[in-house]
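Here is a short, friendly tour to read with the model open beside you. Please take a look at the sequence and structure first.

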Amino acid sequence: MTNQYIAKIFKELAQLLEIKGENPYKIRAYQNAARVIESLPFSIETMVKEGKDLTKLPAIGEQIAKKIIEIVTTGRLQKLEQLKAEFPKGILSLLSIEGLGAKHIRTLYETLHFQTIDELEKLAKEHKIRNIKGFGPKLEEKIANGIRLYKQEGIRFLYSEAEPHAKELHQFLLKAPTIITVVIAGSFRRCKESVGDLDIVAAASQPDKVIDYFTKFIQVAHIVSKGDTRSTVVLNNGLQVDLRVVKESQFGAALHYFTGSKAHVVAIRKMAQEAGFKINEYGLFRGDSIIASENEAEIYNALGMDYIPPQLREDRGEIAVASKRNLPQLLSLESIRGDMHLYSNYSYGSSSIKELATAAMAKGYSYIAICDHFGSLDLEKIEGYLEEIEALNRIFTDFKIFKGVEVDILEDGSLALSDEILRSFDIVYIAVNSSFKLSKDAQTKRLLRALENPYIHAIAHLTSRLLHERPPIELDYLTLFDKILERKVLLEINSQPNRLDISDILTKEAKFKGIKFLINSAAASVEELNYMHYGVCQARRGWLEQEDVLNCLEYNALLTTLP
DNA sequence: GCCGTTTTCGGCCCGACTGTTTTCAGTCG
């Protein structure tokens with residue numbers, strides 16, 4: 001049972017209680033618990049089975065601990081089942097309709113007693129909603145449209161999919177009248193692996209002119225809201241974009257607020273309040289006097305802490321560490337000295353080894369590893385492959401190519417290539433590329449056995465997840481990380497934008513265990529060498545510093561450090 | 001429902017915009 005499953009139960013519980021009109025602080029308590037459970041690096045199921053005290057976790061008190069135990073032991077939560085039975089099936093989907101919240105949904109249900117969502121859609125079309133107190137024609141239309149939209153698919157974008165839109169909007173807004181600064185904030189600035197919308201913060205002397213200009217962006221499909229200082233639009237492809245425009249002197253405070261995460265901002269505001277400040281999107285205040293507002297660093301500094309980079313702003317311990325002025329010095333793209341996992345046209349890459357090497361040199365790297373994916377049928381091919389790399393190494397000066405391979409971990413934990421073959425490579429990655437649905441126990445045993453092999457160096461894309469496509473394989477990470485550390489095996493952060501494997505949370509957990517990493521583009525073409533920056537962002541979200549990542553080392557240092 | 005170097009009770013982040021209203025509740029971020 002995953003933490004996500006447990007968190008989802010509390011999220012649904014909170015939503016249903018909201019529709020029921022429960023105490024909002026109780027609802028928030030469930031939401032907070034869900035968020036904490038979701039971002040735990042270890043399995044809460046295991047905690048329960050080992051009899052650990054759940055109330056030691058933040059936001060988990062006696063009541064929620066009891067409920068977690070119930071979920072783990074019975075697979076469900078009685079209280080949620082009861083609540084669900086009180087309302088029509090699918091009622092929670094109504095919450096995803098823009099502009100329709102819990103209070104409205106409750107009024108709708110109490111007035112109309114609809115039994116299905118389809119029934120509600122029909123009532124909306126028949127104009128049975130507009131005369132209810134608190135409703136009108138506009139909301140009625142939103143409900144009808146919202147239900148129709150929901151029946152299609154929910155939209156969420158990979159970071160890499162949102163990126164071109166972000167860049168284009170940035171360029172567009174820089175040409176807005178009276179504009180001074182534009183930053184894409186929100187989850188995009190925090191480099192989350194997928195983003196729900198784009199939040200943009202701008203500074204301008206006449207905000208209303210910028211808002212006007214913004215809503216005329218060519219790709220705007222419709223305008224959700226438009227005021228003097230803020231506006232929301234939806235683009236043709238369904239991506240929602242929010243713009244907030246402030247005065248230059250307030251830019252830092254606004255940027256901080258709109259970068260989030262929500263949990264981070266709430267925690268900072270609470271902390272500021274306890275210290276006698278007030279903080280909002282216009283600045284940090286003590287009484288009526290403004291303490292800081294122009295840039296983010298000033299605000300953090302006034303609160304007595306290190307500047308917290310956006311990628312760390314998730315309320316996962318960064319505030320406490322920053323208050324001790326002890327934040328990690330996160331690595332950057334410039335820290336990377338080589339790319340240690342590339343596929344050439346010997347397996348499923350489209351570029352030759354020489355092309356990859358030349359492109360890597362042009363990027364300023366001093367080494368790469370070609371690690372094609374080979375199985376037991378490829379023995380002849382491997383021979384030529386090794387020779388070609390050796391030949392290129394004789395030609396290049398000040399640049400080295402490692403002879404690498406990715407080998408499959410079979411279902412029983414044995415490897416697809418013999419030790420004899422594995423010995424001929426400089427770097428061997430093992431990877432799960434099949435049997436993704438084994439039980440947690442079987443999957444963990446499979447990895448543990450593979451880790452016994454003496455000729456391996458690193459694990460490629462550990463969880464084998466594909467974002468929005470395939471869930472991560474189930475593993476007992478605590479046990480596995482102990483073994484990885486003992487065997488001095490490296491973990492890869494795979495930069496492919498639909499993988500970003502391992503996750504930020506696992507990365508942080510592994511780092512504090514003492515495990516070292518490689519950040520790789522896993523490029524299958526020259527162009528994909530540029531994916532490296534996605535992996536670096538992910539590593540930053542996982543609190544990694546240069547010293548945690550072996551391909552931040554120069555060639556000679558790397559040679560002596562490689563396991 | 002959670003939480004506590006002021007507290008085991010009484011707090012719990014803060015403001016813009018919309019659609020409904022005649023001054024504001026609901027929603028959102």
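## A tyrosine at the DNA

Which atom of DNA strand B lies 2.7 Å from a polar side-chain atom of Tyr-282? The partner is a phosphate oxygen of the strand, and the pair is a polar contact (N or O atoms within 3.5 Å; within protein, one must be able to donate a hydrogen and the other to accept it, and residues adjacent in sequence count only if both atoms are side-chain atoms).

## What you are looking at

This is a predicted model, in which local features need pLDDT of at least 70 and side-chain atom pairs count only at pLDDT 80 or more, while totals for chains, interfaces and linings use all residues. Residues are numbered from 1 along each chain as its sequence is written, chains are lettered from A and ligands numbered from 1 in the order in which they are written, and side-chain values use heavy atoms, with hydrogens and water left out.

## The surface near DNA strand B

DNA strand B is surrounded by 49 residues, where near means that a heavy atom of the residue lies within 4 Å. Arg-28, Gly-136, Lys-226, Tyr-257 and Arg-269 are the closest. Of the strand's atoms that come within 4 Å of the protein, 75% belong to sugar and phosphate.

The backbone takes part too: a polar backbone atom of Gly-61 is 2.6 Å from a phosphate oxygen of the strand, and one of Leu-139 is 3.5 Å from a phosphate oxygen. Helix H2 (24-38) is among the elements that give two or more residues to this surface, and H2 gives the most, with 5 residues. Helices (H or I, at least four residues) and strands (E, at least two) are DSSP runs, numbered from the N terminus.

By type, the surface has 18 nonpolar, 14 polar and 17 charged residues. Here Ala, Val, Leu, Ile, Met, Phe, Trp, Tyr, Cys and Pro count as nonpolar, Asp, Glu, Lys and Arg as charged, and the others, Gly among them, as polar.

## Unusual backbone spots

Two cis peptide bonds are worth finding. One joins Gly-260 and Ser-261, with omega about -5 degrees; Ser-261 sits in the loop between helix H12 (251-259) and H13. Another runs from Asp-501 to Ile-502, with omega near 20 degrees, and Ile-502 is in the loop between strand S16 (490-494) and helix H21 (504-513).

Asp-315 is not a glycine, yet has a positive phi of about 55 degrees. Look for Asp-315 in the loop between helix H14 (296-302) and helix H15 (318-323).
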